[in-house]
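Got your viewer open and a selection box ready? Let's walk through this one stop by stop.

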Amino acid sequence: MLRISNSRLIDRLIHFSIVADLKGTLISYLLADGVDLRFRRKRNKWRRVIHDYKMQWIIRFSGFVSAIMVMIVLAPSLQSFHPAEAIRSNTHIDGHIAGHIPATVTHRSSFRRAASFRDAAGCKQVSGSSDVCDPSLVHVAITLDFEYLRGSIAAVHSILQHSSCPESVFFHFLVSDTSLETLVGSTFPKLKFKVYYFEPEIVRKLISTSVRQALEQPLNYARNYLADILEPCVLRVIYLDSDLVVVDDVSKLWSTSLGEKTIGAPEYCHANFTKYFTVGFWSNRRHSGTFSDRNPCYFNTGVMVIDLTKWRQFGYTKRIERWMDIQKTDRIYELGSLPPFLLVFAGDVAPIDHAWNQHGLGGDNVKGSCRDLHPGPVSLLHWSGSGKPWLRLDSKQPCPLDSLWAPYDLYGHSA
């Protein structure tokens, strides 16, 4: 077996990257306006070839470095795994931590401490206690994991920065690793929040393969169980994905009228709804008949206002699980946690202004290419798709709109 040391392998990768750059520079010179006509005729073809050639080496090199970094980052946790049962939920108010904090918790990522955000004049007085049942609170639920942690922290930061009454916002964090609790507390010392451990085994057996592996992670399905996880006194919650920033006062979203509906979300009725399900689904009348008395429209589940009282009353978690169970045998869709929500709610959603989900900024689920904003006002920017702004910024290949995410990024050592 051929063995190559890490240093030699890195040297070789750098060598090939430099060679690719030199080739690109040389051919770019040959393709200049003053060169021979025969070169100009093939300019576009060569540019595509050069781009593909360089991107192959960039992807391979970055993949190798990422693998090394993952091993370095995860080494402490592999040596001292913290049992999930140690903490189910802890409440933090104004920097005070209630409950047991395990000694094995270490900061595997470094975030700057956010500035303290205070209520503007005219905000309702909110208790400084740990009472999550305070009726004056705005409840926001977000998932936290190490892969999307940087995005989640930026999302929280953006909400606080644009809220006129930030002390009224209570965050419910659904986590797969309870050690993230201390990191949130140190980054946002004045934040009102509670951490809930989501047991992966609850949903693991119901998850089927998807077009993108990231969509198969159990934590993606935690939103299905908010009504069971959150306290019964929490009657309404805003659910937000981890790859977005809010650029408006979140209280406006909170005050959305749902009428008789259980969930509210921006709907996109111009989208081709049929593509979210397989041919087998549409040819099976027993399955497709679920939409017979509805006019279904696509909506993105990354931004939702949920009436938890109605959700509990009508047992929507079980309804979603039933479709996930059917998927295991009949393969009725290809995407992850979105289609079950469409099957249960599409056509029965309270419409919310499109400004609250300028989605798709992460491109599609494969290429993650750059996208433009949809026409109209913007209250929330959402990098749904495979392209995430923190990864593209770090790779020095950002999309133009990624610069709108950067001001909320708290990752990195303090100056």
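Begin at the largest cavity and color its lining by residue class: you should get 9 nonpolar residues, 1 polar and 5 charged. That lining has 15 residues in total, and to find the centre, select Phe117, Leu160, Pro166, Lys190 and Leu191, which lie nearest to it. The space inside comes to about 160 Å³. A search of the whole structure turns up 3 cavities of 30 Å³ or more.

Before going on, color by confidence, as this is a predicted model. The mean pLDDT of the protein chain is 78, with 71% of its residues at 70 or more. Now select residues 1-89: pLDDT stays under 50 there, and the model has 55 contacts beyond four places in sequence for this stretch. Residues 93-108 are also below 50, with 41 contacts beyond near neighbours in sequence. Where pLDDT is low, don't read the predicted coordinates in detail.

Next, the largest nonpolar core. It has 51 residues, and the ones to show as sticks are Leu226, Phe277, Phe299, Ile306, Trp311 and Phe345, which have the most contacts inside it. Helix H13 (residues 338-345) gives this core its largest share, 6 residues. Click on Ile306 and look past its neighbours within four places in sequence: its contacts are Leu226, Leu235, Arg236, Val237, Tyr239, Leu258, Thr262, Ile263 and Trp311. There is also a second, separate core of 38 residues; Val138, Leu240, Leu244 and Trp356 are among them.

Stay with H13 for a moment. How many of its residues are buried? The count is 8 of 8, so to speak a helix that is mostly covered. Select Leu338, Pro339, Pro340, Phe341, Leu342, Leu343, Val344 and Phe345 to see these buried residues. To see what covers them, add elements including strand S8 (263-265), helix H9 (279-283), strand S10 (298-299) and strand S11 (303-307). Helix H11 (308-314) and helix H12 (316-330) belong to that cover too. Just after H13, check the backbone at Gly347, where phi is positive at about 90°.

Last stop: Gly360, in the loop between strand S12 (350-351) and strand S13 (380-382). Is this glycine buried or exposed? Gly360 counts as buried because its relative accessible area is 8%, under the 20% cut-off. Leaving out residues up to four places away in sequence, Gly360 touches Arg371, His382 and Ser384. Finish by drawing a C-alpha to C-alpha distance from Gly360 to His374: 9.3 Å in space, for residues 14 apart in sequence.

Terms used: Residues numbered from 1 in each chain as written. Predicted model: local features only at pLDDT ≥ 70, side-chain atom pairs only at ≥ 80, totals over all residues. Heavy atoms only, no water. pLDDT = per-residue confidence, 0-100. Contact = heavy atoms within 4.5 Å. 1 Å grid on protein atoms, 1.4 Å probe; cavity = no way out; pocket = protein on both sides within 12 Å on 5 of 7 lines; lining within 4 Å. Points joined across faces, edges and corners; volume = space filled by probe spheres on them. Nonpolar A, V, L, I, M, F, W, Y, C, P; charged D, E, K, R; others polar. Core = buried A, V, L, I, M, F, W, Y, C linked by side-chain atoms within 4.5 Å. Buried < 20%, exposed > 50% of the residue type's maximum accessible area, 1.4 Å probe, protein only. Helix = DSSP H or I, 4+ residues; strand = E, 2+ residues; numbered from the N terminus.
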